Amino acid sequence: MSDDDDRWVPGLLREHGYHGLQRQQGWHECLLWRGEERWLGHGVDGAAALADVLAQMFPSAAARALYD
């Protein structure tokens, strides 16, 4: 597990109290949480795992546009 979330968790999410952990085991996973919220993403690399989490957190095209 990697807990250097200042390096890879997007600033907007950190500003809103989210924290993260990453794991690499032949694939990549990342976990983002804030209070009782939990989001888990998977991917072939760290960027893909983070993209998977963000797609879950912001499922609609409108939500992703507002995030960007």
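In the predicted model, His19 has Trp33 of strand E2 as its bridge partner. This pair belongs to the region where strand E1 meets E2, which covers residues 28-34; the two strands run antiparallel and are joined by six bridges. Together with a third strand they make up an open sheet, ordered E1-E2-E3, in which the pairing is antiparallel. Strands E1 (19-24) and E3 (37-43) are at the edges and have a single partner strand each, so one side of each lacks a neighbour in the sheet. From one strand to the next, the twist averages 15 degrees.

Helix H3, formed by residues 46-57, lies across E1, E2 and E3 and runs at about 140 degrees to E3. At the start of this helix, the backbone nitrogen of Ala47 has a side-chain oxygen of Asp45 within 3.2 Å. The helix contains twelve residues, and the distance from its first C-alpha to its last is 17 Å, close to the 16 Å expected at 1.5 Å a residue.

The buried residues of H3 are Ala49, Leu50, Val53, Leu54 and Met57, where buried means under 20% relative accessible area. In a view down the axis of H3, these buried residues fall within an arc of 135 degrees and therefore line one face of the helix. Their packing partners include two strands of the sheet, E2 and E3. The buried residues of H3 also pack against three other helices, namely H1 (5-8), H2 (11-15) and H4 (61-67).

How values were computed. Residues numbered from 1 in each chain as written. Predicted model: local features only at pLDDT ≥ 70, side-chain atom pairs only at ≥ 80, totals over all residues. Heavy atoms only, no water. Pairing = 2+ DSSP bridges. Helix = DSSP H or I, 4+ residues; strand = E, 2+ residues; numbered from the N terminus. Axes fitted to C-alpha atoms, helices over the stretch in contact; angles between N-to-C directions. Contact = heavy atoms within 4.5 Å. Expected span 1.5 Å × (residues − 1). Buried < 20%, exposed > 50% of the residue type's maximum accessible area, 1.4 Å probe, protein only. Arc of directions from axis to C-beta. Polar contact = N/O pair within 3.5 Å; in protein donor to acceptor, adjacent residues only side chain to side chain.
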